[in-house]
Amino acid sequence: MLKLLARNRHTVQRLGFTLLTLVAVVTVMPIVGTVIFILFKGGSAITPEFLTGFPREGMREGGILPAIIGTLYLTIGTAIFSVPLGIAAAIYLAEYASDNRLTRLIRIAIINLAGIPSVVYGLFGLGLFVLFLQFGTSILAASLTLSIMTLPVIISTAEESLRSVPQSFRTVSISLGATKWQTIRKIILKEALPGILTGVILGLERAAGETAPILFTGAAFFLPQLPNSPFDATMAVPYHLFVISTQVPEMPIQIQYGTALVLLVFVLTMNVIATVIRSRARAKRQW
Amino acid sequence: MEKSLSFREFIITRLIQASGYSAILFVALIFFFLLKESLPTLGEVDLTSLFNFRWYPIENYFGILPLLTGSLIITLGAALIAVPLGLGTAIYISEIAPRWMREILKPLVELLGGLPSVVLGFLGILLVSPFLRIFLDLPTGLTAFTGSLLLGGIAVPTIVSVAEDALDAVPRAYREGAWALGATHWQTIWRVTLPAAKSGVLTAIMLGIGRAIGETMTVMMVTGNAPVLALSLGNLFSPVRTMTATIAAEMGEVANGSTHYHVLFFIGIVLFLISLIVNIIASSVVFRAKKRAERILS
């Protein structure tokens, strides 16, 4: 009897493990499938003209250069605001803040920033940057909106990475006469850099792929020239993909796949860089 | 020299401190500007017509109930898909998968989290919705269910990573204890590891659902955008429209300061409050669990 039960338990286990393996495969297969499918379908659309030309014939021909440049501008703009602020906030939380009510409030605020729907960020950007501060629908307003959205990702990964630097590093540096800021700048930040960089890239990756926050803050349907200043609106790859796949009738499918591919490659590259930095730093770490 | 050094240190410390506080400032600013632009709604539309069944802004019908139910039914569908898949994958990664498998699976799930929602929407239009139309014999493939399927994909990475962290944090001694008592690996997972990680798993589910409610572009592209009241499961297979999609689709066309404009901000503040509640509950579950763990350890 006991023997039978034991065998039963192991049958259950084998069935259960098989089921969970299947679940994992079902979860992952569509991801791999999606990427391969778009690479395969979009590949033939990628020509030098597609990457460096302007859209023609109501966007049904030509290239997507203004969208690519626009996404680069928006990503750089987002980095300018969110990277210094995010890292400074992480330093505060990891190195300065004591565990009191205010700090807990900051943490709750960060968690909430991370959870606010992207379209609500768009509304906020419209209300504050576009209308109240009168930046207009512009690269500046869109970048600022995206930066606030990106902040929680940068803060939480940077903080985690700062915290993983052993306490002894700080003790030694301070005992050698360095001030707190010198310790942070020359020792802690240097050790935590790969982790911080990973977080920054993952945050910017999200910003680069977002559409909803820039819909009413800086995205343009179609522009015949490149933006000249931060106060101009701009085309962007994600918004362009949305426009040509839903708003333009008789859009050649090739251009749609090509645009999706460009966006995917942009995001994938950032993702791979972040993953590589992280795993190399882990392998090199001696403490 | 000494003096200027300590002065610089003082300034930098203050700057860092201010950056730390900025998160609170931003949440407050977001709330303030949503409130500022949405408050006039209450003067322009009375509450009974706001919480009504008809959304037809051109003729001044601003009933947000169809949008609310649209969001809810899609999110419910997404949760039904994402929770089993996400938890299953998290358990597989954390408890069962060999090391090399874990190294492949984790970046892939992370990659799914990084896929732009427009790309998912694009694939939804081109692949998922035609497939569903033919396979389920529907008049259109742009339905709530299509949205749920894709939103499930968006919620999965959040659920997997948070749940996996929680499972990972369960001390190894718990598992070893169970094995020593003769439990199989499988029994240990269900009777020991999962219950021990319960609060983290709940957080994972809440955060996943939070992501699904707030998702905009994907649902706007694949759910057909018909503002009908969705009260039964049958609505899962017809077009619906969510709160997020309504804001995204209509904000571009309204005049600043019009009633329609204020109502869209009102929907925005409803979304903001939903995400606030979801996240506060999710994070307080974590805090409580931490406190309990500290009690046990001390």
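This briefing describes the predicted model of two chains, from their overall form to their contacts, core and selected residues. In this predicted model, local features need pLDDT of at least 70 and side-chain atom pairs count only at pLDDT 80 or more, whereas totals for chains, interfaces and linings use all residues. Residues are numbered from 1 along each chain as its sequence is written, while chains are lettered from A and ligands numbered from 1 in the order in which they are written.

**Overall form of the chains**

- Chain A has 10 helices and two strands, where helices (H or I, at least four residues) and strands (E, at least two) are DSSP runs numbered from the N terminus, and the order of its elements from that terminus is α-α-β-β-α-α-α-α-α-α-α-α.
- The radius of gyration of chain A, taken over C-alpha atoms, is 24 Å, well over the 19 Å that the globule rule (2.2 Å times the number of residues to the power 0.38) gives for 287 residues, so chain A is more spread out than a compact globule.
- Taken along the principal axes, the C-alpha atoms of chain A fill a box of roughly 70 × 70 × 35 Å, and the C-alpha trace of chain B spans about 70 × 70 × 35 Å along its own principal axes.
- Chain B contains 13 helices and two strands.
- A residue is buried if 20 or more other C-beta atoms, placed from the backbone, lie within 10 Å of its own, exposed if 12 or fewer, and partly exposed in between; buried residues make up 49% of the 287 residues in chain A and 48% of the 298 residues in chain B.
- Two residues are in contact if their C-beta atoms, placed from the backbone, lie within 7 Å; of the contacts in chain A with a separation of 6 or more, 77% are between residues 24 or more positions apart, and in chain B 75% of the contacts between residues at least 6 apart in sequence join residues at least 24 apart.

**Interface between the chains**

- On the two sides of the interface, 66 residues of chain B are in contact with 67 residues of chain A, and helix H1 (residues 2-38) of chain B gives the most to the side of chain B that touches chain A, with 20 residues.
- That side of chain B has 40 nonpolar, 23 polar and three charged residues, where Ala, Val, Leu, Ile, Met, Phe, Trp, Tyr, Cys and Pro count as nonpolar, Asp, Glu, Lys and Arg as charged, and the others, Gly among them, as polar.

**Domains and nonpolar core**

- Chain B is divided into domain 1 (2-38) and domain 2 (42-297), with bounds that come from an automatic or database domain assignment, and the C-alpha centres of these two domains lie 32 Å apart.
- Six residues of domain 1 of chain B are in contact with six residues of domain 2 of chain B, and those on the domain 1 side divide into four nonpolar, one polar and one charged.
- The largest nonpolar core, meaning a set of buried Ala, Val, Leu, Ile, Met, Phe, Trp, Tyr and Cys residues joined through C-beta atoms within 7 Å, has 174 residues, and those with the most contacts inside it are Ile159(B) and Ala163(B).
- Helix H3 (residues 65-96) of chain A contributes the largest share of this core, 15 residues; domain 1 and domain 2 of chain B both give residues to the core, so it lies between them.
- Leaving aside neighbours within four places in sequence, Ile159(B) is in contact with residues including Ala82(B), Gly86(B), Ala204(B) and Gly208(B).

**Helix H6 of chain B**

- Helix H6 (residues 117-135) of chain B has a kink of about 50° centred on Gly124(B), the bend at a residue being the angle between axes fitted to the seven residues ending there and the seven starting there.
- Gly124(B) is among the buried residues of H6(B), which also include Phe122(B), Val128(B) and Leu132(B), and just after H6(B), Asp137(B) takes a positive phi of about 55°.

**Selected residues**

- Glu210(A), found in the loop between helix H8 (180-209) and helix H9 (237-246) of chain A, counts as buried with 28 C-beta neighbours inside 10 Å.
- Outside its neighbours within four places in sequence, Glu210(A) is in contact with Ser118(A), Leu146(A) and Pro238(A), and its C-alpha is 8.3 Å from that of Leu146(A), 64 residues apart in sequence.
- Gln134(A), which is not a glycine, has a positive phi of about 55°, and Gln134(A) counts as exposed with 10 C-beta neighbours inside 10 Å.
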